[in-house]
Amino acid sequence: MSRPHLTTARLDRAAALRAERTALLEVCEHLFESQWLTDSKAQGWTVRDVVAHMGSGCHGIFTPSALKLLRSNDIEATNDDFVAERRSWPTADVLNEYRTWSSRVVTLTAAISRTPFSRTPMPLAELGSFPAALVLGGAMAFDHHTHLRHDILPALDLPDPGTDANRMGVVVEWMLAVLHNQLTSARPSWLTRPVTVELRGDGGGAWTISRDGVRIADSHGTDTRIMADVRAFPEWATQRCAWRDRAVDVSGDESYAATVLDHVNIV
């Protein structure tokens with residue numbers, strides 16, 4: 001299966017994941033038990049559940065549980081199952097699982113990136129197939145970035161620790177790869193002609209979205225262009241908030257752009 005070339009930047013996925021892990025641990029190491037048990041912005045999950053999800057995902061890569069996730073037909077339901085298994089654990093054990101196994105995932109991501117295995121196709125539930133290095137580094141960095149900034153920190157009224165061009169580039173790379181698979185698999189009827197999405201800021205860029213998937217936008221562009229801050233993209237493109245509540249601008253056919261934006265839901 002061929003992969004679209006979604007970015008011109010040379011991204012360091014292991015470095016992005018390492019930085020996001022550090023940011024998450026800096027928050028978790030200072031939480032009170034009441035904060036751990038606070039409802040996060042991820043529906044049905046407390047802050048502790050969110051960290052349990054990330055810890056179970058990292059741990060699962062090294063156990064037979066990985067097969068359950070890779071072959072799942074409903075990745076969100078499978079993640080719920082892993083979290084439920086950990087609800088009886090002491091908080092210290094939840095954090096220790098995350099701390100231990102996330103470190104090993106960073107090491108594995110860095111090691112695989114230097115081998116031919118990095119390009120080996122790997123399935124990830126209903127999301128489709130991706131190069132192994134993209135699943136390990138990209139999916140994990142996206143998961144960390146999004147859960148920390150949009151599920152944990154707002155629930156606790158804590159500030160965003162900031163990010164950088166490499167991390168945002170890795171997050172966007174993963175999200176567009178998922179969107180590419182969604183579009184080529186469904187070939188949705190609402191996507192009647194290509195549109196350009198421009199994400200502004202460090203780690204951003206411009207891409208053309210069509211029924212054939214996602215590709216870097218060429219100099220000709222399209223007659224409809226959607227423009228937004230790259231840092232806001234993970235929140236509204238995962239439908240954690242409405243795109244209308246964020247600074248999303250359109251040039252061209254505003255009605256058609258709204259239809260496209262209403263349907264974007266990258267899980």
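A cavity here is a set of grid points where a 1.4 Å probe fits but cannot get out, and a residue lines it if one of its atoms lies within 4 Å of a point. With that in hand, the enclosed space of this predicted model can be read directly.

The count comes to one cavity of 30 Å³ or more. The largest cavity holds about 70 Å³ of space. Its lining consists of L179, V197, I209, I226, F233, W236, V260, L261 and V264. By class, these are nine nonpolar residues, with no polar and no charged ones. Two helices, α9 (233-237) and α10 (254-263), each supply at least two residues of this lining.

Now step back to the whole chain. The protein has ten helices and seven strands. Its C-alpha trace spans about 55 × 40 × 30 Å along the principal axes. How does the radius of gyration fit a compact globule of 267 residues? The rule gives a value near 18 Å for that length, and the protein has 18 Å, so the two agree.

Burial and contacts fill in the picture. Of the 267 residues, 51% are buried. Contacts were counted at a separation of 6 or more, and residues 24 or more positions apart account for 71% of them. On the outside, the protein exposes about 12,500 Å². Carbon and sulfur atoms supply 50% of that area.

Next comes the open space. The largest pocket has a volume of about 1,000 Å³. It is lined by 38 residues, and the closest to its centre are H53, I75, N79, D143 and H147. Which elements give two or more residues to the lining? They are α3 (47-60), α4 (65-70), α5 (75-85), α6 (91-112) and α7 (132-156). The most comes from α7, which gives eight residues. The pocket lining is mixed in class: 22 residues are nonpolar, ten are polar and six are charged.

Two loop residues deserve a look at the backbone. Most residues other than glycine have a negative phi. R187 has a positive phi, near 40°, and is not a glycine. It sits in the loop between α8 (165-186) and β3 (195-200). Is R187 buried or exposed? It falls in between: its relative accessible area is 44%, so R187 is partly exposed.

Q239 also has a positive phi, near 60°, in a residue other than glycine. Its place is the loop between α9 and β7 (248-251). Helix α9 is one of the helices met earlier at the lining of the largest cavity. Q239 has 43% relative accessibility and therefore counts as partly exposed.

A last stop is T38. This residue lies in the loop between α2 (33-36) and α3. Helix α3 was met above among the elements of the pocket lining. T38 has a relative accessible area of 25%. Buried means under 20% and exposed means over 50%, so T38 is partly exposed.

What does T38 touch, leaving aside neighbours within four places in sequence? T38 is in contact with T46, V47, A155 and L156. M175 is another reference point for T38: the two are 137 residues apart along the chain, and their C-alpha atoms are separated by 28 Å.

How values were computed: Residues numbered from 1 in each chain as written. Predicted model: local features only at pLDDT ≥ 70, side-chain atom pairs only at ≥ 80, totals over all residues. Heavy atoms only, no water. 1 Å grid on protein atoms, 1.4 Å probe; cavity = no way out; pocket = protein on both sides within 12 Å on 5 of 7 lines; lining within 4 Å. Points joined across faces, edges and corners; volume = space filled by probe spheres on them. Helix = DSSP H or I, 4+ residues; strand = E, 2+ residues; numbered from the N terminus. Nonpolar A, V, L, I, M, F, W, Y, C, P; charged D, E, K, R; others polar. Rg over C-alpha atoms; globule rule 2.2 N^0.38 Å. Buried < 20%, exposed > 50% of the residue type's maximum accessible area, 1.4 Å probe, protein only. Contact = heavy atoms within 4.5 Å. Areas by Shrake-Rupley, 256 points an atom, 1.4 Å probe, with all protein chains shown as cover.
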